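Please look through the following model with an eye to residue environments and strand pairing. The report moves from single residues to a sheet and its helices.

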Amino acid sequence: MTLSALSQQLEQAQTLAKSSPEQAIPAFETLVVNTTGETEDDLRVRETALVKLGELYRDTGRSQQLAELVRASRAYLLKTSKAKTAKLIRTLLEFFADIPDSVPLQIEVCKEAIAWANQEKRVFLRQALETRLVALYLDGKNYSEALTLIASLLKELKRLDDKNVLMEVQLLESRVYHALRNLAKSRAALTSARTSANSIYCPPLMQAQLDMQSGILHAEEKDYKTAYSYFYETLESLASQDDRRAVLALKYMLLCKIMLNLSEDVNALVNSKLALRYAGPQVEAMRAIATAHQKRSLLEFEQALSKYKDELSNDPIIRSHLAALYDTLFEQNLLRIIEPFSRVEIAHVAGLIKLPTATVEAKLSQMILDKVFDGILDQGNGCLEVFEDTEGDKTYDSALETIKNMGNVVESLYEKVNALLCTSIYFLF
């Protein structure tokens, strides 16, 4: 088939893809199969057709067909340069990210691509694919496999002194350790990644990811002011690149405001020029939480969690901080309600706070055990008895302090006697 005919078919398929993606798929499939790859123009048509076909599979949610295309592309690209082949394979693998529930298939396809790169002795492609596999392991919660692969990659990359990939792997290591709740190692890995980034040119998107991870770790340490500044930097960087992850940085910014008891600032932040670009259910979910927190209403808080379950509960970082916030809010509300009483029915407290009696009883029991207040639960009568705060008897503390001081005096005298004995024996001999 002549070049002009192939180019014409490619243009027709691209035009058809805009109006009818389903009909365009067979056209692109024919182009991929029929191009021989003998000339440079022929290769260009095949590469374009491969990428466009991958995009259509992604848009129509055909993960299996996309996997087969990735496998077949290796044979089609044997005559293509190594750099271009690596770029095309990575591009096709990235299309999986927009297909839901495709992580296990991505891992399988990625492993096959790594085996092929090993066979073809394409070291840099293998390293890039292994880095992607680590990210997939992280998404699939296969943390032990991720750490094993990270260890081998770090050893190899440090020897090659490839700072770009090394920085990316160290960032992934920090994220894995954070997922495992090992904050010390997560912080150490992030510091290493920042050190690597400082020695080379760091692309804006990678810098944004480093800032995002820094903000997450500062939020874990309850340093929400510093976390907010990092998330703001991330938002500006991702927004300038039109990256869809910008809305996540905005959510974390709003979370910091809520955790700092500055819920009234959330509306002003949401209505700012930069944030208006990302208006939607993600932002509305955080606004609902801020409103509930401002009103100190547990009922509205629970309603927001239920209404925006996908936006709030599916994000482990948001979920963990909101759980801590809910507990604090719950305790504050209970303490305010029981403050005037010395004895009160648990059902009455539950009615005032508008929560199930069993939930309120369990929380009161936990608060008593944690010594938040002094009291007992009379479960036979379904009542809570609250005791007045009394100052502890200081006699025992004073007695213990006296005994401790006497012990110090005795030890001091013993040391002096030993010193005198040693001196006497020395002069005798």
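## Q127 and its surroundings

Q127 has its place in helix α7, where helices (H or I, at least four residues) and strands (E, at least two) are DSSP runs numbered from the N terminus. Q127 is buried, with a relative accessible area of 0%; buried means under 20% relative accessible area, exposed over 50% and partly exposed in between, with a 1.4 Å probe and protein chains only. When its neighbours within four places in sequence are left aside, Q127 is in contact with L153, E156, L157, L160 and D162, contact being heavy atoms within 4.5 Å.

This is a predicted model, in which local features need pLDDT of at least 70 and side-chain atom pairs count only at pLDDT 80 or more, while totals for chains, interfaces and linings use all residues. Residues are numbered from 1 along each chain as its sequence is written, and side-chain values use heavy atoms, with hydrogens and water left out.

## A nonpolar patch

V123 is found in helix α7, which spans residues 123–139, and is partly exposed, with a relative accessible area of 37%. Together with F124 and L160, V123 makes a nonpolar surface patch of about 300 Å².

## L210 in helix α11

L210 belongs to helix α11 (residues 204–220) and is buried, with a relative accessible area of 0%. Not counting residues up to four places away in sequence, L210 touches M167, L171, L190, A193, R194, A197 and C202. The C-alpha atoms of L210 and E302, which are 92 residues apart along the chain, are separated by 33 Å.

## The three-stranded sheet

An open sheet of three strands follows the order β1-β3-β2 with antiparallel pairing, two strands being paired if DSSP finds at least two bridges between them. Both β1 (343–345) and β2 (375–378) stand at the edges with a single partner strand each, so one side of each is left without a neighbour in the sheet. From one strand to the next, the twist averages 20°.

The antiparallel strands β1 and β3 (residues 383–386) are joined by three bridges, and R343 stands opposite E385 in β3.

## Helices across the sheet

Helix α20 (residues 346–353) lies across β1, β2 and β3 and runs at about 70° to β1; axes are lines fitted to C-alpha atoms, for helices over the stretch in contact, and angles run from 0 to 180 degrees between N-to-C directions. Helix α21 (residues 357–369) lies across β2 and β3, running at about 150° to β2.

How values were computed
Patches are made of residues with over 30% relative accessible area and no salt bridge: like charges are joined within 9 Å, nonpolar side chains (Val, Leu, Ile, Met, Phe, Trp, Tyr) within 5 Å. Accessible areas come from the Shrake-Rupley method with a 1.4 Å probe; for residues, only the protein chains shown count as cover. A salt bridge is a side-chain nitrogen of Lys or Arg within 4 Å of a carboxyl oxygen of Asp or Glu.
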